[in-house]
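Q: Got a minute to go through a structure with me? I'd like to talk about side-chain contacts, a pocket and some odd backbone spots.
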Amino acid sequence: MCRRPGSVPLAAQSPRPSPWRCPAGPGCVPRLPRGGGSSARPPLLQPVGMASRPRSSPCLFWKRILCIFFLPCILSGFSPRVKHKKNLLSGKAQPQLSQYRFIWSHLTPLELRNRSMGLQTESRVGSNPYFTLEGHKFLIFGGSIHYFRVPREYWRDRLLKLKACGFNTVTTYVPWNLHEPERGRFDFSGNLDLEAFVLTAAEIGLWVILRPGPYICSEIDLGGLPSRLLQDPQVNLRTTDKGFVEAVDKYFDHLISRVVHLQYRKGGPIIAVQVENEYGSFYKDKDYMPYLQQALLKRGIVELLLTSDNVDDVLKGYIKGVLATINMKKFRKDAFQHLYKVQRDKPIMIMEYWVGWFDTWGSKHEVKDAGDVKNTVSEFIKFEISFNVYMFHGGTNFGFINGAINFVKHAGVVTSYDYDAVLTEAGDYTKKYSKLRKLFGSILAVPLPPLPELTPKAVYPSTRSSHYLPLWDVLQYLDEPVMSKMPVSMENLPINNGNGQSYGLVLYETPICSGGQLHAHVRDVAQVFLNETTIGILDDSIRNLKIPEVKECQLLRILVENQGRVNFSWKIQNQQKGLTGPVTINNISLEGFTIYSLEMKMSFFKRLRYVPWRPVPNSYSGPAFYRATLRAGSSPKDTFLRLLNWNYGFVFINGRNLGRYWIIGPQETLYLPGAWLHPEDNEIILFEKIKSGSVIETTDQPVL
């Protein structure tokens, strides 16, 4: 999912007749699947109030035989002819959904043992196209959960809540940048164990639609692409440029081998795989999408392939022979006109129905009415439109993984990916959940599973930092700095086995012996110091700064932070961070830089445990680390951190990066999973960039 400028409200549309309902009305007996007998599976759809019929008399028997021969001829006079229209959705009103029952209890990963057909599309004269699963008509009720945004310990809980709401499918993106942090080094462990997540979904009875990218958008840094791809500006991202597709091929060699056995026809829950993501809004290479299609096929993907695009971009993003799906905020009368130009004989799938939106720092918190969501989903079902709710559960942008937008100016996505989703960031129920569960419960023949219990929350005693370390004291404990004649961007630093630095901050130091007009290109924001004294700020819009005259040579320090790489639009091509060009004073280039990488990995904080810390003063201005202790008792539970009077920085709990806090909002609390807390004492380290705050509080509710 990606933000687009100028998005407009969407209008409702009248329903159309349903091919799912029994044609003879509430008294009819639906036809069983082929095979009959006691082993035949139940029909997909069964009218409410259907009564059993007495056995037929001989007279009725012959009448029914005659009907078999003559009824098709009679009905053909009443059956409307299918015409090729711009909009295949008819305007005829449809009965209330509560009159019918969908029976999918036999269409789950645990029940379907004998498999051969997988998810397919069918189109017959006189009916709208539809999906089938193992030959049975099927509607996809999907919900998005990103495993990498949810603590592994809570995967089962979130998936159970998805199932209990009435959904039958979970969809997830796969982030390349997290799974291959360095060339050839792959990480599918812990919170990134994709296979475990997919298998957990299967155990719960959910199908899976996999969205492996390589580009995923998802409001994640660089849309999920590894930042090392920016090292060579001549490599065009999301094209068939050799440098890009060679990297994709090596990644897919590893990734697809991990999931190919989890496909439907291999006994797994994956029923469909998406090719890239929203390429129609980017579209720089007509050969790129077909290349990725073949890349998946030749590595063993046999399930249904699909593309996903904004309603206005589908003409540029689709691939011939691949199911095209669209994304939308609301059911809109003209939303399908471009889709029908691409495919008329395929069922409609809304790959992303946006039930909320993401937040960026300094903007208002985005919300969407629960009643509107329920009404829109109801319309989808009336039109037999399969859909995926984005997001069912958003989770959290832990660490530095958040992306950014830059339509007017750069704005980073906040730490919370709550998204005003169906479940909250902490996995709690919402009005949207209640309304959708009631809706699904009214149309599903089998009662929904009981609601899982809420994850308990706690409020812990407030705490204060006891010790601190100014950033300047910490430099000696960082990895060996890079010495360079000229500034080097974050991605091109010769560290991490030639992969550069992906996230965090970079400190550039060089001696100066005179003041004047400082000029520098920075991304995204830089604090400028003379020795340890703050001089000012630089960013995308502020590139000049007055440096006061100095009596003797001093150390110019420029601390640059990556606030999140843009995750959408052509601007992903130019997302190098740090100092991205020469630094001058009075138009004279500065040389001789010492460059420190502040990635703030777990190993760094383990090192800090053996460092002598200073007692905290009443107040301190400038970047510094602050240490405190959170006492969670014998049975830690989820909570939210509230950092009163702190300004801007990051929070680390027992070495784990919870993410960014910023006084400008809209997010005012940070979600702290109880699963990441130790019994009793827990180490909190804050890296505060501006000025020390006071107390660190916890609350059992988020503050937005």
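A: Sure. One definition before we start: a charge sits over a ring if NZ of Lys or CZ of Arg is within 6 Å of the ring centre and within 35 degrees of the ring normal. And keep in mind that this is a predicted model.

Q: Okay, so which ring does the charged end of arginine 238 sit over?
A: That's the ring of phenylalanine 282, with the charged end 4.5 Å from the ring centre.

Q: And what about arginine 115, whose face does that one lie over?
A: Arginine 115 lies over the face of tyrosine 264, and the distance to the ring centre is 4.7 Å.

Q: Switching to ring-ring contacts: how many aromatic pairs does the structure hold?
A: There are 50 aromatic pairs in the structure. One of them is tryptophan 155 with phenylalanine 197, an edge-to-face pair at 5.4 Å centre to centre, with 85° between the planes.

Q: Where in the fold do tryptophan 155 and phenylalanine 197 lie?
A: Tryptophan 155 is in helix α2 (residues 155-165) and phenylalanine 197 in helix α4 (residues 194-204), so the pair ties together parts that are 42 residues apart in sequence.

Q: Are tryptophan 155 and phenylalanine 197 buried or exposed?
A: Buried, both tryptophan 155 and phenylalanine 197.

Q: Got another one? What do the rings of tyrosine 173 and tyrosine 390 do?
A: Their centres are 6.3 Å apart and their planes are at 65°; planes over 60 degrees apart count as edge-to-face, so the pair of tyrosine 173 and tyrosine 390 is edge-to-face.

Q: How many residues apart in sequence are the parts that tyrosine 173 and tyrosine 390 tie together?
A: It's 217 residues: tyrosine 173 lies in strand β7 (residues 169-173) and tyrosine 390 in strand β13 (residues 386-393). Tyrosine 173 and tyrosine 390 are buried too.

Q: Now sulfur. How many disulfides does the structure hold?
A: Just one. It's formed by cysteine 513 and cysteine 553, with their sulfur atoms 1.7 Å apart.

Q: Is the link of cysteine 513 and cysteine 553 right-handed or left-handed?
A: Right-handed, with 100° about the S-S bond.

Q: What does the pair of cysteine 513 and cysteine 553 tie together?
A: Parts that are 40 residues apart in sequence, because cysteine 513 is in the loop between β19 (505-512) and β20 (516-519), while cysteine 553 is in the loop between β24 (544-547) and β25 (554-561).

Q: How accessible are the two cysteines?
A: Cysteine 513 is partly exposed at 49% relative accessible area, and cysteine 553 is partly exposed as well, at 47%. Cysteine 165, on the other hand, counts as buried, at 0% relative accessibility.

Q: New topic, the second largest pocket. How much space lies in there?
A: About 1,100 Å³. The lining of that pocket has 32 residues, and Leu178, Asp187, Leu192, Ile401 and Tyr503 are the ones nearest its centre.

Q: Which elements give two or more residues to the lining of the second largest pocket?
A: Those are α3 (176-179) and β34 (656-662).

Q: What does the lining of the second largest pocket look like by class?
A: You get 12 nonpolar, 12 polar and eight charged residues.

Q: Backbone next. Where are there cis peptide bonds?
A: One joins glycine 213 and proline 214, with omega at about 25°. Proline 214 is in the loop between β8 (207-211) and α5 (242-259). Another runs from arginine 523 to aspartate 524, where omega is near 10°. Aspartate 524 has its place in the loop between β21 (522-523) and β22 (525-530).

Q: And which residues other than glycine have a positive phi?
A: Among them are aspartate 420, with phi near 50°, and asparagine 496, with phi near 55°. Aspartate 420 is in the loop between β15 (411-412) and α10 (431-443), and asparagine 496 is in the loop between β18 (482-484) and β19.

Q: Is aspartate 420 buried or exposed?
A: Aspartate 420 counts as buried, at 17% relative accessibility; the cut-off for buried is under 20%.

Q: Last one: where is phenylalanine 640 found?
A: In strand β32 (residues 639-643). Phenylalanine 640 counts as buried at 2% relative accessibility. Its C-alpha is 8.3 Å from the C-alpha of proline 673, and phenylalanine 640 and proline 673 are 33 residues apart in sequence.

Notes
Residues are numbered from 1 along each chain as its sequence is written. This is a predicted model: local features need pLDDT of at least 70, side-chain atom pairs count only at pLDDT 80 or more; totals for chains, interfaces and linings use all residues. Side-chain values use heavy atoms; hydrogens and water are left out. A disulfide is a pair of cysteine sulfur atoms within 2.5 Å. Helices (H or I, at least four residues) and strands (E, at least two) are DSSP runs, numbered from the N terminus. Buried means under 20% relative accessible area, exposed over 50%, partly exposed in between (1.4 Å probe, protein chains only). On a 1 Å grid over the protein atoms alone, a cavity is a set of points where a 1.4 Å probe fits but cannot get out, and a pocket is an open set with protein on both sides within 12 Å along at least five of seven lines; lining residues have an atom within 4 Å of a point. Grid points are joined across faces, edges and corners, and a volume is the space filled by probe spheres set on the points. Ala, Val, Leu, Ile, Met, Phe, Trp, Tyr, Cys and Pro count as nonpolar, Asp, Glu, Lys and Arg as charged, and the others, Gly among them, as polar. Rings of Phe, Tyr and Trp (its six-membered ring) pair if their centres lie within 6.5 Å; planes under 30 degrees apart count as stacked, over 60 as edge-to-face and the rest as tilted.
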